[in-house]
Amino acid sequence: MSLLLNMNLIPSQRHLFDIPDDIAYLNCAYLGPLSNTVVAASRHGADRKAHPWEITSDDFFSENEIARALFARIINASADDIAITPAASYGVSVAARNLPLARGETVVLLAEQFPSNVYAWRESAEQAGACIVTVARPEDGDLTRAVIDAVDERTAIVALPHCHWADGALLDLVRIARRTREVEASLVLDVTQSAGVLPLDVQEISPDYLVTACYKWLLGPYSTGFLYVAPHLQEGRPIEFNWRARVGSNDFSGLVNYEDTYLPGARRFDVGECANFHTMPALIAALEQILEWGVDETAATLSAYNAGIAERAGALGLMSLGHDRRAGHFLGLRFPEGIPIKLLDILREARVYVSVRGDSLRVTPHVYNTRADVDRLFEVLKLSIG
Ligand SMILES: Cc1ncc(COP(=O)(O)O)c(C=O)c1O
């Protein structure tokens with residue numbers, strides 16, 4: 001984090017988005033907006049499908065390869081390690097299908113973890129006679145320590161986010177990964193609420209699987225996602241029989257020469273029809289923009305932005321996790337008497353958009369936000385708190 005302190009902050013990128021001045025959209029953890037460039041790429045993608053005679057067999061592969069390579073750069077993986085999925089839950093299903101789990105073993109999850117990284121494990125645990133161990137938020141707020149304490153000789157799988165989706169509570173994945181390896185358990189990460197805005201290096205953490213949806217912080221289209229598969233797991237079983245994932249599938253005239261061999265790397269796990277002509281150009285444009293801003297720079301910018309909000313909220317008596325306990329891009333504000341009834345409605349009427357998750361008002365900006373957006377938020381908060 002200290003590295004991030006010396007980083008140049010990114011000035012507001014509002015001009016790249018179609019967000020009117022009177023909208024304070026502080027809800028990226030819900031849905032990230034598409035930039036104007038991404039919308040143009042998306043239109044171009046849809047236009048191509050209007051002229052199918054212009055789509056060649058190469059187009060069924062080439063854009064996927066570009067998208068894979070771009071996402072790989074964000075997490076310091078190789079393009080070969082990346083599969084294209086439609087959702088985080090799809091990637092978790094691949095992981096659950098391939099990771100062995102036996103009677104008496106455990107799967108470690110966080111309390112109130114997002115369901116995409118829960119249901120598959122419940123199913124696996126039930127089938128195997130294994131147990132789910134749910135890590136509750138400890139009194140001292142040290143969630144990393146609590147996870148490490150929950151991992152023991154019985155643990156087979158540790159399935160976590162990088163930060164909690166309700167209030168951004170941060171996990172130190174390097175320390176957790178070390179403990180996971182000590183007991184020879186597998187690590188599965190859902191980074192949907194942090195990819196692109198919180199640095200993560202798979203070479204350092206060595207997760208077995210990592211999944212993300214792209215429609216939040218990566219500012220990509222809905223129904224797009226990625227799955228990182230560690231090299232030692234790339235011979236695993238996909239969850240569907242996607243014809244494109246087989247060697248020679250680019251020869252459309254030979255598709256009924258059925259082929260048992262998969263394409264190399266993690267490509268065997270690609271979802272069917274992943275060469276989506278509408279969404280792939282948009283996804284590529286979104287990832288290029290994330291890389292152009294830089295993950296470290298974006299993280300530093302959003303941390304500084306949220307630190308300002310946390311300070312002003314503190315002056316009004318609202319509480320949030322300290323900056324060492326939460327991801328910089330995330331802020332969960334707690335009210336001493338609970339969230340005032342109708343606060344969300346009042347905020348929405350004032351065209352300020354945030355979410356309520358659990359007992360927190362979740363404030364999640366991205367680089368399109370401005371100082372004026374924060375002022376609008378506080379105009380309403382001051383009036384509501386009285
Ligand atoms: C932590 C987390 N993971 C995943 C998702 C989305 O999951 P999926 O892509 O399976 O719909 C969300 C959505 O809010 C989320 O917060």
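A polar contact is a pair of N or O atoms within 3.5 Å. All views below show a predicted model.

**View 1. Polar contacts hold the oxygen atoms of the ligand within reach of Lys-216, Ala-88 and Ser-89**. A polar side-chain atom of Lys-216 lies 2.8 Å from an oxygen atom of the ligand. Backbone atoms take part as well. A polar backbone atom of Ala-88 is 2.8 Å from a ligand oxygen. For Ser-89, a backbone N or O atom lies 2.9 Å from an oxygen atom of the ligand. Taken alone, the ligand exposes 400 Å², and the protein buries 89% of that.

**View 2. The shell around the ligand mixes nonpolar, polar and charged residues**. Six residues of the shell are nonpolar, four are polar and two are charged. Ala-87, Ala-88 and Ser-89 are among the residues that surround the ligand. Others include Phe-114, Ser-116 and Trp-165. The surrounding residues also include Asp-190, Thr-192 and Gln-193. Ala-213, Tyr-215 and Lys-216 belong to the shell too.

**View 3. Helix α4 is mostly covered**. The helix spans residues 88-98, and eight of its eleven residues are buried. Ala-88, Tyr-90, Gly-91 and Val-92 are among the buried residues. So are Val-94, Ala-95, Ala-96 and Asn-98. An α-helix has 3.6 residues a turn, so residues three or four places apart point the same way. Which elements cover the buried residues of α4? The cover includes strands β2 (82-85), β6 (186-190), β7 (209-213) and β8 (225-229). Helix α5 (119-128) is also part of the cover. Ala-88, one of the buried residues of α4, also has a polar backbone atom 2.8 Å from an oxygen atom of the ligand.

**View 4. Cys-163 and Cys-274 are without disulfide partners**. A search of the whole structure finds zero disulfides. Why does Cys-163 have no bond to Cys-28? The two sulfurs are 12 Å apart, which is too far for a bond, although Cys-28 holds the cysteine sulfur closest to that of Cys-163. A disulfide needs sulfur atoms within 2.5 Å. Cys-274 is in no disulfide either, and its nearest cysteine sulfur, that of Cys-214, is 13 Å away. Both sites are covered. Cys-163 counts as buried, at 2% relative accessibility. Cys-274 is buried, with a relative accessible area of 3%.

**View 5. Thr-106 is buried in strand β3**. The strand covers residues 106-110. Thr-106 has a relative accessible area of 0%. Residues up to four places away in sequence are left out of its contacts. With that limit, Thr-106 touches Leu-101, Cys-131 and Val-133, among others. Its contacts also include Arg-154, Thr-155, Ala-156 and Ile-157.

**View 6. Ala-177 is buried in helix α7**. The helix runs over residues 173-182. The relative accessible area of Ala-177 is 2%. Leaving out residues up to four places away in sequence, Ala-177 touches Leu-187 and Ile-205. Ala-177 and Ile-148 are 29 residues apart along the chain, and their C-alpha atoms are separated by 9.1 Å.

**View 7. His-162 sits in the loop between β5 and α7**. Strand β5 spans residues 155-161. Is His-162 buried or exposed? His-162 is buried, with a relative accessible area of 8%. Neighbours within four places in sequence are set aside here. Among the remaining contacts of His-162 are Ala-169, Leu-170, Leu-171 and Leu-173. Asp-190, Val-191 and Ser-194 are in contact with His-162 as well. So are Leu-198, Pro-199 and Leu-200. Asp-190 is also one of the residues that surround the ligand.

**View 8. Leu-219 and Glu-273 have positive phi values**. Neither residue is glycine, and phi is near 60° for Leu-219 and near 60° for Glu-273. Leu-219 lies in the loop between β7 and β8. Glu-273 lies in the loop between β8 and α9 (279-293). Their surroundings contrast. Leu-219 is buried, with a relative accessible area of 4%. Glu-273 is exposed, with a relative accessible area of 74%.

**View 9. Ala-315 is exposed in helix α10**. The helix covers residues 295-315. Ala-315 reaches 72% relative accessibility. Ala-315 and Val-147 are 168 residues apart in sequence. In space, they are 32 Å apart, C-alpha to C-alpha.

Technical notes
Residues are numbered from 1 along each chain as its sequence is written. This is a predicted model: local features need pLDDT of at least 70, side-chain atom pairs count only at pLDDT 80 or more; totals for chains, interfaces and linings use all residues. Side-chain values use heavy atoms; hydrogens and water are left out. A residue is near a molecule or strand if one of its heavy atoms lies within 4 Å of it. A polar contact is a pair of N or O atoms within 3.5 Å; within protein, one must be able to donate a hydrogen and the other to accept it, and residues adjacent in sequence count only if both atoms are side-chain atoms. Accessible areas come from the Shrake-Rupley method with a 1.4 Å probe; for residues, only the protein chains shown count as cover. Ala, Val, Leu, Ile, Met, Phe, Trp, Tyr, Cys and Pro count as nonpolar, Asp, Glu, Lys and Arg as charged, and the others, Gly among them, as polar. Buried means under 20% relative accessible area, exposed over 50%, partly exposed in between (1.4 Å probe, protein chains only). Helices (H or I, at least four residues) and strands (E, at least two) are DSSP runs, numbered from the N terminus. Contact means heavy atoms within 4.5 Å.
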